[in-house]
Amino acid sequence: MTKKVTIEYNDRIVRQFMLASVLFGIVAMLVGVLIASQLNFHELNLAKWLTFGRLRPLHTNAAIFAFVGNMMFAGIYYSTQRLCKVRMGLDWLSNLHFWGWQAIIVAAAITLPLGLSRGQEYAELIWPINVAVALIWVVFSVNFFITLHRRNEPSLYVALWFYIATIITIAMLYIVNHLSIPTSWTHSYSVFSGVQNALVQWWYGHNAVAFFLTTPILGIMYYFMPKAVDRPVYSYRLSIVHFWSLVFLYIWAGPHHLLNTALPKWLQMLGMFFSLMLWAPSWGGMLNGLLTLRGAWDKLRTDPVVKFFVAGVTFYGMATFEGPLLSIRSVNALSHYSDWTIGHVHAGALGWNGFMAAGMFYWLAPRLWGTKLHSTAAANFHFWFGTIGILFYVVAMWVSGVMQGLMLNATTADGTALQYPNFIDTLQAIRPMMGMRVVGGVMYLTGFIVMLWNLLMTIRNGQPVNETREITVEVEAEQDTMSWRDTFQNDPVLYSMGALLLLMGWWFLPQGANLISLLCAVAFGWLAVRKFQVSHGTWTTWYERLLHNYLPFTVLTFIAVVLGGLIQLVPTVTVNRAKNIEDRLQQVYTPLELAGRDIYVAEGCYNCHSQMIRTLVPDVLRYGDYSRLGESIYDHPFQWGSKRTGPDLAREGKGPSKKSNSWHYKHLMNPRSMSPGSNMPNFAWMSESPFDQKALPAKIAVMTTLGVPYPVMEATEIKMKALEQGVTIAKNLADEGIVVMPDKQIVAVIAYLQKLGHYDVPELENRLGTTPLGVPLPKPGSPDGYRAAAVLK
């Protein structure tokens, strides 16, 4: 039995998110052009709230959450209503989502330039804003799932699968990575530290790219590309393989951001292994998108929407080929900390996200305002000018990254000395490429400004339209009736779980047993294939029924993404603690050093300086002995970094890298006075601004709660210790003719820099021969799974 229902879609919310995306996108690109220019012209660091270290997080957060976030919500709200044949769940939830998200963006735009930051890439926002993000995400999720519950189309289309994966995975990632204990309304410390923090951060950072910048845009691709070319998706079966393999594999790949570091080697290899496996589903999705144009390739010549979509999907293929390539340890030894990574990220952000957004906006605008696009010629200009801009940018960063990596890693013929011992030499060599990046960025920005004009003229020529559609609804449609037993007790799920357990045995069991587990996994896989061949109709029927039940589908998706996180994070968080460190153990920061570290984080110094000497000969020759796991065990947050525009600072306060207090003072006041050619901003205001003494007791109390072994101290004692150390440094500076008060920020930062590289060696009594878990210790000096060599006296 059927009935006809008339639906008026809520397209007003789509228009709002779309316009917000365009405006914030241009702002993000303007900030990007400014910070790219600052790398060549340090004079453009015009004030302390406009320095590179403070603006770079603003650029990344604006590009991700303001530009792509608003674009994603526009696409999801438009397509979900039509795929479910129902208006979005509740209008007031839609409005709360829109205005709440814009308020978050404005709050980020205010706080980040003020130096209020958590100091972790893509996760810099302070804790009150993070709470707001979580609450608004819940609002979005509730609104989305209400829509699914009320849908008039029983089966879930492919795009909805990717939206579901995005919603549940981003919630999990964001909450776990942002777990913090506040010290004030504007400051907190992450509950994770050192290697734990590094792993959790890049589990989040990599998968924020996967599930915020990739999966929702793939859902948009699966909806809008067929609409644009008036063709069905090339292969429904390929879309099934694409979805499940992508959401399962992506979550494991985060450790490839930490190759050759103090991260346990088994995690590095696991991240590399799953990163390489991502080639298959990523290219499967790309081909499924491009081949959707079969029979409609002629539209590529005439329709700018199709141009943008095809180029966007092609850039997706390029970026997802390059990503696994960069996860190979030998390649990563060259690319990491260099501009190659910057080029890789922007190929995806500008080519994939930016062009998919432009294509969607050009397709939506005429429909949302009931008119035709104002200028096809302007849209074509945007496409070609933007494409050339991307190529300028990405090629410049490829050349710059390879050049910088080769120079930093170059040694003499006997391998005992560096060919380019002065870091500034590499910086000078890549300046032309950094200039070319600015040119490419300006071209890309110009294209988006042209798009804004084109869209505004289109809006001027039309009137807002909410589409009204009459649909036929089955009164007693079979949907959302699957039991939990039917969800889990079936061949597809049982065979998948069994194969996964056996593969984990191959990875984690001792030698010999792991080979048996691998052979069993192969045999189990063969049985699964045979079973599918014999009863594929049963498997197909089960999956088609699953698509009629959004809640079981959501639960299975959550299980697929949560497994990788649990297997990686739980052992690292529970085992890698100070009591289990057999090698070097970080010395606890004094109150003044802690204040200096917080200033270092607030100024965004981690954007240009790493604190992780890799297990590579050139790194050791340049910076000193490679970093051990225990040397950052009390760092909340960790500061390993991901880009070296300046040298590594892990041993800045000890050994051959150690410099005098006066050197650091002069370098902070005017970097070029000590390092000619440096592009580092001046931090002269630090000599006039006092550090926050009042905040120190609360900060040390939180650090103690987190397990940092501070002695019991009264608030007055904490402040006095900080000032006493400040007086010592101030006296030392005065001996060299530099007058500065002991309570200034520059003194605190100097104290922190002089502490870097200091460690203690734990007592090894009753530990000789094995770790606390009974694992044999490595040979002295050899990097093992813990990246720590046994220190034997």
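**Figure 1. Enclosed spaces in the predicted model.** A cavity is a set of points, on a 1 Å grid over the protein atoms alone, where a 1.4 Å probe fits but cannot get out. Points are joined across faces, edges and corners, and a volume is the space filled by probe spheres set on them. By this rule the model, which is predicted, holds 10 cavities of 30 Å³ or more. The second largest cavity encloses about 220 Å³. Its lining (residues with an atom within 4 Å of a point) numbers 18 residues. E631, S632, D635, A650 and G757 are the lining residues nearest the centre of this cavity. By class, the lining of the second largest cavity consists of five nonpolar, eight polar and five charged residues. Here Ala, Val, Leu, Ile, Met, Phe, Trp, Tyr, Cys and Pro count as nonpolar, Asp, Glu, Lys and Arg as charged, and the others, Gly among them, as polar.

**Figure 2. Confidence along the protein and its division into domains.** Numbering starts from 1 along each chain as its sequence is written. In this predicted model, local features need pLDDT of at least 70 and side-chain atom pairs count only at pLDDT 80 or more, while totals for chains, interfaces and linings use all residues; side-chain values use heavy atoms, without hydrogens or water. The mean pLDDT (the predictor's confidence in each residue, from 0 to 100) is 91 for the protein, and 95% of the residues score at least 70. Helix 3 (residues 91-111) has the highest confidence, at 98, and helix 19 (residues 491-508) the lowest, at a mean of 83. Over residues 765-793 the pLDDT is below 50, and this stretch makes 66 contacts in the model beyond near neighbours in sequence; a contact means heavy atoms within 4.5 Å. Helices (H or I, at least four residues) and strands (E, at least two) are DSSP runs numbered from the N terminus. The protein is divided into domain 1 (2-473), domain 2 (488-548) and domain 3 (585-768), with bounds from an automatic or database domain assignment. Between the C-alpha centres of domain 2 and domain 3 the distance is 51 Å.

**Figure 3. The largest pocket, between domain 1 and domain 2.** A pocket is an open set of points with protein on both sides within 12 Å along at least five of seven lines. The largest pocket has about 1500 Å³ of space. Of its 40 lining residues, W244, S245, P492, S496 and W539 lie nearest the centre. Because domain 1 (2-473) and domain 2 (488-548) both give residues to this lining, the pocket lies between them. At least two lining residues come from each of helix 8 (236-250), helix 9 (265-277), helix 19, helix 20 (513-546) and helix 21 (550-575). Helix 20 supplies the largest share, 13 residues. The lining of the largest pocket comprises 33 nonpolar, five polar and two charged residues.

**Figure 4. The second largest pocket, between domain 1 and domain 3.** The volume of the second largest pocket is about 940 Å³. It is lined by 45 residues, with H609, G646, P647, L649 and H667 closest to the centre. Two or more of the lining residues come from each of helix 2 (52-84), helix 16 (423-429), helix 22 (591-602), helix 23 (617-623), helix 24 (661-669) and helix 28 (745-755). Helix 24 gives the largest share, four residues. The lining of the second largest pocket divides into 24 nonpolar, 16 polar and five charged residues. Both domain 1 (2-473) and domain 3 (585-768) contribute to this lining, so the second largest pocket lies between them.

**Figure 5. Helix 24 and the surroundings of H664.** Helix 24 is mostly covered, with seven of its nine residues buried, that is, under 20% relative accessible area (exposed is over 50%, partly exposed in between; 1.4 Å probe, protein chains only). The buried residues are N661, S662, W663, H664, Y665, H667 and L668. Their cover includes helix 25 (671-674), helix 27 (715-735) and helix 28. H664 of helix 24 has a relative accessible area of 3%. Leaving aside neighbours within four places in sequence, H664 is in contact with E652, K659, I750, L753 and Q754.

**Figure 6. Helix 26 and the residue that follows.** In helix 26 (residues 696-705), L696, P697, K699, I700, V702 and M703 are buried. These residues pack against strand 2 (180-184), strand 3 (187-190), helix 22 and helix 27. G707, just after helix 26, takes a positive phi of about 105 degrees.

**Figure 7. G405 in helix 15.** G405 is found in helix 15 (residues 376-409). G405 is buried, at a relative accessible area of 5%. From G405 to F488 the separation is 83 residues in sequence and 49 Å in space, C-alpha to C-alpha.
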